[in-house]
Number of protein chains: 2
Amino acid sequence: MTTNRLRTQHKLKLILAEAALETVPREIWGHPAVYKHARRRGKPPSSILLDRSVHHHAMKRLPNAEKRGRPDIVHVALLEALSSPLNKEGLLEVYIHTLNDYVIFVDPSTRIPRNYNRFTGLIEQLFQEGQVPPQGKPLLWIKPMTLRRLLEEINASYVILLAEDGENKQVREIVAEALENAPNAAIIVGAFPHGDFTPETKELATRVYSIYRGNPLETWTVVSHFLALAADMLNLI
Amino acid sequence: MTTNRLRTQHKLKLILAEAALETVPREIWGHPAVYKHARRRGKPPSSILLDRSVHHHAMKRLPNAEKRGRPDIVHVALLEALSSPLNKEGLLEVYIHTLNDYVIFVDPSTRIPRNYNRFTGLIEQLFQEGQVPPQGKPLLWIKPMTLRRLLEEINASYVILLAEDGENKQVREIVAEALENAPNAAIIVGAFPHGDFTPETKELATRVYSIYRGNPLETWTVVSHFLALAADMLNLI
């Protein structure tokens, strides 16, 4: 009983926002390196994830390139989120909002592939089919959706955005504030390599906090440290 | 001054032990899948990392196969360790001990490749050359060395082993105990996918603790949650 009450009252919503996750955009389908890599993989460029480690040169042609093409960020952050005690206890919901305004919904029981190449294959299938596995109950599913619409859909009325230019605040205090406002609190962490949140994203925040005195941290570090403090404060670890 | 004193007194040593990290062993160099994959990569099988996601079928021939061939575990755990506030503040030393008794030493300023395929390429170069980069001041270097010898070499006289069958203890208490015994405390986390530590490893432990009431956790989860609690207790985040 205590457990059920805890589950409802303390469930936290984590959103990886403006994630650098997209298929190769049309502008560079014809770039020789893109074309060659796609052929080697036996897929059209349109079905392949944009990945700076492969498409670095081709990406020079793209607008906003410094924020794009980093599926590894979502991969590691998801591994941390889904393997966390908080998620194992049923106290976490994870959403991925991409920079092109898609939202990926994640069943908390999903076992994300540990291998990066298998992960990118899975996400390519997700973009192609709309859900994985393609038949039956999905573990991941994707919809075109803005961040604003997602927040409405999941009833996230208290939105904590973690950003370097936010007010300095201890992770422990941020977790406490999120738990006080659960289950309607959402924590937004950027899942892009460089640059800033868009003004549209910032506008959605109830509070903007920096957890490391204005210094940048990797997405997975922010996610894992937040989840660890939450697990500690709920006596899970 | 406080900072310098803090650095010396509170520096923690993290050891990823019995890591599932090795080059393809001789027994399966001739396996068709191994040979084909090596040819595609333009390297001899002896220079390629054993990786279950590629060598699954060939690995059936290997003894102790369930503990081997998972470079991704070290990759994600290292990303967490080196990106952590604790490491950024100069309060962490990281060592990787492999299941074949090699030890990889890690300069704390190392920026580990974010991309998995680049990471495996780097570790292959490390096994081949003994250090990376091959010339000049190394960021990573490797030596044949037992875990026992490593502990002697780094003066780790208080050894905390984290294992499912250890005594239940809160992460917060384990961190406190490690800090009390710093700089001579080492935390050992297994970096293999299944199975147990060897008796030789267990013998080296001063204390054996389980942080999640006997339930298994991923290596990166244990690492990140430990580092997060340490950062919290030292008021870094």
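**Arg213(A), Tyr212(A) and the interface of chains A and B**

Leaving aside residues up to four places away in sequence, Arg213(A) touches Asn168(A) within its own chain and Glu89(B), Asn235(B) and Leu236(B) across the interface. The model is predicted. Arg213(A) lies in the loop between β8 and α10 of chain A. Its relative accessibility is 45%, so the residue counts as partly exposed.

Tyr212(A) is found in the loop between β8 (207-210) and α10 (219-233) of chain A. Tyr212(A) has a relative accessible area of 4% and is therefore buried, the cut-off being under 20%. Its contacts, again without residues up to four places away in sequence, are Leu217(A), Pro85(B), Lys88(B), Glu89(B), Leu236(B) and Ile237(B). An unreviewed UniProt entry lists both Tyr212(A) and Arg213(A) under "binding site". Gly190(A), Gly195(A), Gly214(A), Asn215(A), Pro216(A) and Leu217(A) are also listed there.

At the interface, 39 residues of chain A are in contact with 39 residues of chain B. The two chains bury about 3,400 Å² between them. Carbon and sulfur atoms account for 51% of this area. Six salt bridges are counted between chain A and chain B. One salt bridge joins Glu89(A) to Arg213(B), with the closest N and O atoms 3.2 Å apart. Polar contacts across the interface involve 21 residue pairs, both residues at pLDDT 80 or more.

On the side of chain A that touches chain B, the elements giving two or more residues are α4 (71-83), α5 (85-88), α6 (116-129), α8 (171-180) and α10 of chain A. The most come from α10(A), with nine residues. By class, this side of chain A has 16 nonpolar, 10 polar and 13 charged residues.

Definitions and conventions: Residues numbered from 1 in each chain as written. Chains lettered and ligands numbered in written order. Predicted model: local features only at pLDDT ≥ 70, side-chain atom pairs only at ≥ 80, totals over all residues. Heavy atoms only, no water. UniProt positions renumbered as here; feature names shortened; annotations may be inferred. Helix = DSSP H or I, 4+ residues; strand = E, 2+ residues; numbered from the N terminus. Buried < 20%, exposed > 50% of the residue type's maximum accessible area, 1.4 Å probe, protein only. Contact = heavy atoms within 4.5 Å. Buried area = accessible area lost by both parts, 1.4 Å probe. Salt bridge = Lys/Arg side-chain N within 4 Å of Asp/Glu carboxyl O. Polar contact = N/O pair within 3.5 Å; in protein donor to acceptor, adjacent residues only side chain to side chain. Nonpolar A, V, L, I, M, F, W, Y, C, P; charged D, E, K, R; others polar.
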